[in-house]
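Ready for a walk through a protein fold? Open your viewer, keep the selection tool at hand, and follow along stop by stop.

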Amino acid sequence: MPDVLVLVDHDGERVHKSTYELLAAARRLGDPAAVVVGSPGTAARLKDSLARHGATRVYSAESTEAEEFLVTPAVDALELAVREASAAVLVSATTDGKEVAGRLAARLDAGLLIDAVDLDSSGEVTQIVFGGSCTVRSQVTHGLPVIAVRPGSVEPEEHPVEAAERELALPPVDPAASARITARRAALAGDRPELTEASVVVSGGRGVGGADGFKVVEELADALGGAVGASRAAVDAGYYPHQYQVGQTGKSVSPQLYVALGISGAIQHLAGMQTSKTIVAVNKDPEAPILALADYGVVGDLFAVAPRLAEEVTTRRAES
Ligand code: FAD
C-alpha cells in the first residue's frame, strides 16, 4: 500500500496526541508514514511511540534550521517525502498545520481539504465549512489529497508495528522568503492539559464578567481535570489570554465534554467547538443560541451553577 504521510506534532521530546489521531486516520487510507521535522536527534526520540501507534515508516527531516523557521521546513520535508510515493498527506488543522497544508498544496498543485472531522477509506472527508455553518462531504478530484484534520476528531489507537527509518535532506531555508523564530516562551498553562488535546474543556465567555470571574471557570476545569477555554469576547475584553480563544479565529477543539459558561453561542464560537462529543451550557438567557446546540443546558447564573457543579464533581471523585 502507498504511504499516507502524517506530519508529526511534537515538542522535541514528546509526540502530541493529535499525531496519534492522524496516524489512526491515515490507516484507513494506506500505510501511515510519520514525518518528523526538528533538530538533529528528534526522530530517534519519537520513533518508538510513533511505531506503537502504527507508523510503518518514520521520515526524519532534521537540521538546526528546522526549529528556527516557521512552517517552511515542514513544507520542504513533506514535499520531499511525497516524492517517495504517497497516497495522501495528513496534518493537524492547527494554525501552523493549516498553513503547511495550504503551502504544500500550492507547491504540488494538489487538492486541499481543511477542517476535516472524519474520513473514510475511499478518501471521502467530512468537513466543517463556512465558519462552522455547514458540514459537507468532500473528495479531492485533482492531484494528491492534502488534508488538515481537526484535533480531537478521530480516536487515537495503539497499533504496534516495526517502523523503517528514512532520512530526508532538508534544503537550506531562504530567510528572505521565510519567517524566522526569534524567541520562544513557554505557554502559561500550569498543570492543565493543552487546550486542543484535553478531553474536557471548560470555557468562559463575556458572561463571566471579568478576569476575576474566570476563577470560577478554572475551578470547574480543575475539578474535571480539563483545560480552560474562552470566547473571543472574553479574550478581547482582557478577561483571559488570547491563546485560549476557541472558535473560528481561535483554536478548534473536539473534547469528550465541552462546558460553556456565559457564552451566547455565536456561529464563530460554535465553529471551534461544535464537534465536541457532549456539550453542556450554562446561560441565564433561555433564548441563548448555545442552548439549542447543547446536549445539557442549564438556564441560570453561572456563578451559582458552576461552583456547585465543581463541588459535586470533587465530592463524587473523592468517593470513587
Ligand atoms: P456574548 O455574545 O456577549 O454572550 C454572553 C452570554 O453570557 C450571553 O448569552 C448572556 O446571556 C450570558 N450571561 C451573562 N451573564 C451571565 C451569568 N451570570 N450566568 C450565565 N450566563 C450569563 N468568537 C469566538 O468566541 N471565537 C472566535 O474565534 C470568533 N471569531 C470571530 C471571527 C469573526 C470574523 C467575527 C466577526 C467574530 C468572531 N467571534 C468569535 C465573535 C463572535 O461573533 C461573538 O461576538 C462572541 O463569540 C461572543 O462571545 P460571548 O458569547 O462570550 O459573548
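Between domain 1 and domain 2 of this predicted model, the number of salt bridges is zero. What you can find there instead are three residue pairs in polar contact. To see the two parts, colour residues 3–177 as domain 1 and residues 195–319 as domain 2. Their centres, taken over C-alpha atoms, are separated by 30 Å.

**Stop 1: where the domains meet**

Now select the contact itself: domain 1 contributes 14 residues and domain 2 contributes 13 residues. Together the two domains bury about 1,100 Å² between them, and 41% of that lies on carbon and sulfur atoms. Which residues of domain 1 lose the most area to domain 2? Pick out Gly 131, Arg 150 and Pro 151: together they make up 41% of what the domain 1 side buries.

**Stop 2: the sheet of nine strands**

Move on to an open sheet of nine strands. Step across the sheet in the order E7-E6-E5-E8-E4-E1-E2-E3-E9, and you will meet mixed pairing on the way. Why do strand E7 (134–138) and strand E9 (164–167) each have one side left without a neighbour in the sheet? They stand at the edges, each with a single partner strand, so nothing in the sheet flanks that side. As you step along, the twist from one strand to the next averages 35°.

Next, select strand E1 (residues 3–7) together with strand E4 (residues 86–92). These two pair in the parallel sense, over four bridges. For one of the partnerships, show Leu 5 and look for its bridge partner in E4, which is Val 89.

Keep the sheet in view and add helix H1 (residues 17–26), which packs on it. Helix H1 touches E1, strand E2 (31–38), E4, strand E5 (111–119) and strand E8 (145–149). The direction of H1 makes about 165° with that of E1. Then add helix H3 (residues 72–82), another helix that packs on the sheet. Its contacts are with E1, E2, strand E3 (57–62) and E4, and its direction makes about 145° with that of E2.

**Stop 3: a hairpin**

Select strand E6 (residues 125–129) and add E7. How do E6 and E7 pair, parallel or antiparallel? The answer is antiparallel, over five bridges. Show Val 129 and you can find its bridge partner in E7, Cys 134. E6 and E7 form a hairpin with four residues between them. In that turn, click on Phe 130, which has a positive phi of about 50°.

**Stop 4: a salt bridge**

How many salt bridges does the count come to? It comes to 23 salt bridges. For one of them, select Glu 13 and Arg 45, whose closest N and O atoms are 3.7 Å apart. This pair links distant parts of the chain, 32 residues apart: Glu 13 sits in the loop between E1 and H1, while Arg 45 belongs to helix H2 (residues 42–52).

**Stop 5: the sheet of five strands**

Finish at an open sheet of five strands, ordered E11-E10-E12-E13-E14, with parallel pairing. Strand E11 (227–230) and strand E14 (296–299) form the edges; each has a single partner strand, so one side of each is left without a neighbour in the sheet. Here the twist averages 15° from one strand to the next.

Select strand E10 (residues 200–204) and strand E12 (residues 257–261), which run parallel and are joined by five bridges. Val 200 has Leu 257 as its bridge partner in E12. Last of all, show helix H5 (residues 214–224), which packs on this sheet and touches E10, E11 and E12. The direction of H5 makes about 170° with that of E10.

Key:
Residues numbered from 1 in each chain as written. Predicted model: local features only at pLDDT ≥ 70, side-chain atom pairs only at ≥ 80, totals over all residues. Heavy atoms only, no water. Pairing = 2+ DSSP bridges. Axes fitted to C-alpha atoms, helices over the stretch in contact; angles between N-to-C directions. Contact = heavy atoms within 4.5 Å. Domains from an automatic or database assignment. Buried area = accessible area lost by both parts, 1.4 Å probe. Salt bridge = Lys/Arg side-chain N within 4 Å of Asp/Glu carboxyl O. Polar contact = N/O pair within 3.5 Å; in protein donor to acceptor, adjacent residues only side chain to side chain.
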